[in-house]
Amino acid sequence: MAELVFFSGTMDCGKSTLALQMDHNHRARSRVGLIFTKLDRMGDSVLSSRLGLSTEAHEVHDDLDFWDVVVDFLTRGQRADYLICDESQFYTAPQIEQLARIVDELNIDVNCFGITADFRTELFPGSKRLFELADRVQVLQVAALCWCGARATHNARLIDGVMVVEGEQVVVGDTAASDSLVEYEVLCRRHYMRRMSSHAARLASATPDVLPFDLDVCAVPPRD
Ligand SMILES: [Zn+2]
């Protein structure tokens, strides 16, 4: 029985690397797959990982219909045993429904990889629909780390080095949007809630007068 599986995590947790590894493993067993991605950091129609690996992929635009693409592929006499769908947080809800239909009616495994929540801690539409429809959700075990060393669970957006929690949901990182540099950083919840990026933490440690940590947490309790 085919399955719709959602491999979810924060940024930097190795999703794309795992997607590439999964494709490799299937190919090694002579299985044939279709690879999709959207807004990959390396540009259109490529699935890349931070470790430097990459492969060709179909670019997912909002008007792409997965059902049509796969049925068209099959009617041309091609074979498809599985789909690998990276950056699936950016897919629309109807596109996730098309993927579920491919699993159910064509008996093709669909493996989606994506970030769970955006920089405001709200679910991306694609991730939300995947949580609702997937046969299985697997939280990736390669834990990204906050600058403090704790497990990073949240994605922060920085504009010109300052953490923001409002704005458009999708702005690709390391790009200059309206003359501002947009970057992302993974943080633990504690530091996300305190708006404490690594940059802010460095500034704070350089000016200890305004150290925004709870110093009492670290203080040794007085003995009586
Ligand atoms: Zn932290």
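**View 1. R136 and its salt bridge to E3.** R136 has 38% relative accessibility, so the residue counts as partly exposed. This is a predicted model, and every close-up below comes from it. The side chain of R136 meets that of E3 in a salt bridge, with N to O at 3.0 Å. E3 sits in the segment before strand 1 (4–9) while R136 belongs to strand 8, so the pair ties together parts that are 133 residues apart in sequence. E3 is partly exposed as well, with a relative accessible area of 26%. Side chains of opposite charge can pair when their charged atoms come close. Count up the salt bridges in the model and you get twelve.

**View 2. R31 reaching D109.** Here is another of the salt bridges: R31 pairs with D109, and the closest N and O atoms are 3.8 Å apart. R31 is in the loop between helix 1 (15–28) and strand 2 (33–37), and D109 is in strand 7 (residues 109–115), so this contact ties together parts that are 78 residues apart in sequence. Check the accessibility and R31 comes out partly exposed, with a relative accessible area of 27%. D109 is partly exposed too, at 22%. That value sits just on the partly exposed side, because buried means under 20% relative accessible area.

**View 3. A salt bridge along helix 4.** E132 and K128 meet through their side chains in a salt bridge at 2.8 Å, N to O. Both residues are in helix 4 (residues 125–133), four residues apart, which puts about one helical turn between them. E132 has 42% relative accessibility and counts as partly exposed. K128 is partly exposed as well, again at 42%. The pair also belongs to a network: salt bridges with shared partners join E97, K128, R129 and E132.

**View 4. A nonpolar patch on the surface.** Not everything on the outside is charged: L123, F131, V137 and V139 form a nonpolar surface patch. Together these four residues have about 300 Å² of accessible area. V137 is one of them, and it lies in strand 8. With 34% relative accessibility, V137 counts as partly exposed.

**View 5. The open parallel sheet.** Six strands make up an open sheet, and if you walk across it the order is 5-2-6-7-1-8, with parallel pairing. Strand 5 (58–59) and strand 8 are the edge strands, each pairing on one side only. Zoom in on strand 1 and strand 7 and you find six bridges, in the parallel sense. One residue pair to look for is G9 with I115, its bridge partner in strand 7.

**View 6. Strand 9 and its antiparallel partners.** Strand 9 is mostly covered, with five of its six residues buried. Strand 9 and strand 12 (residues 180–187) run antiparallel and are joined by six bridges. Within that pairing, R157 has Y184 as its bridge partner in strand 12. Strand 9 also pairs with strand 10 (residues 162–164), again in the antiparallel sense, over three bridges. L158 is matched there with M163, its bridge partner in strand 10. Strands 9 and 10 form a hairpin with two residues between them. Take a look at D160 in the turn if you like backbone torsions: this residue has a positive phi of about 50 degrees.

**View 7. The zinc site.** Four protein atoms coordinate the zinc ion: SG of C146, SG of C148, SG of C188 and ND1 of H191, at 2.0 to 2.4 Å. The angles subtended by these donor atoms run from 99 to 117 degrees, which makes the arrangement tetrahedral. The criterion behind that label is that all angles lie between 85 and 135 degrees. Along the sequence, the donor residues follow the spacing C-x1-C-x39-C-x2-H. C146 is in the loop between strand 8 (136–139) and strand 9 (154–159), and H191 is in helix 5 (residues 189–193), so these two tie together parts that are 45 residues apart in sequence. Are these two donors buried or exposed? C146 is buried, with a relative accessible area of 4%, and H191 is buried at 4% too.

Terms used. Residues are numbered from 1 along each chain as its sequence is written. This is a predicted model: local features need pLDDT of at least 70, side-chain atom pairs count only at pLDDT 80 or more; totals for chains, interfaces and linings use all residues. Side-chain values use heavy atoms; hydrogens and water are left out. Donors are N, O and S atoms within 2.8 Å of the metal (3.2 Å for Na, K and Ca); water is not among the atoms, so sites may look incomplete. Four donors count as tetrahedral if all angles lie between 85 and 135 degrees; four count as square planar and six as octahedral if opposite donors are over 155 degrees apart and all others between 65 and 115; anything else is irregular. Buried means under 20% relative accessible area, exposed over 50%, partly exposed in between (1.4 Å probe, protein chains only). Patches are made of residues with over 30% relative accessible area and no salt bridge: like charges are joined within 9 Å, nonpolar side chains (Val, Leu, Ile, Met, Phe, Trp, Tyr) within 5 Å. Accessible areas come from the Shrake-Rupley method with a 1.4 Å probe; for residues, only the protein chains shown count as cover. Two strands pair if DSSP finds at least two bridges between them.
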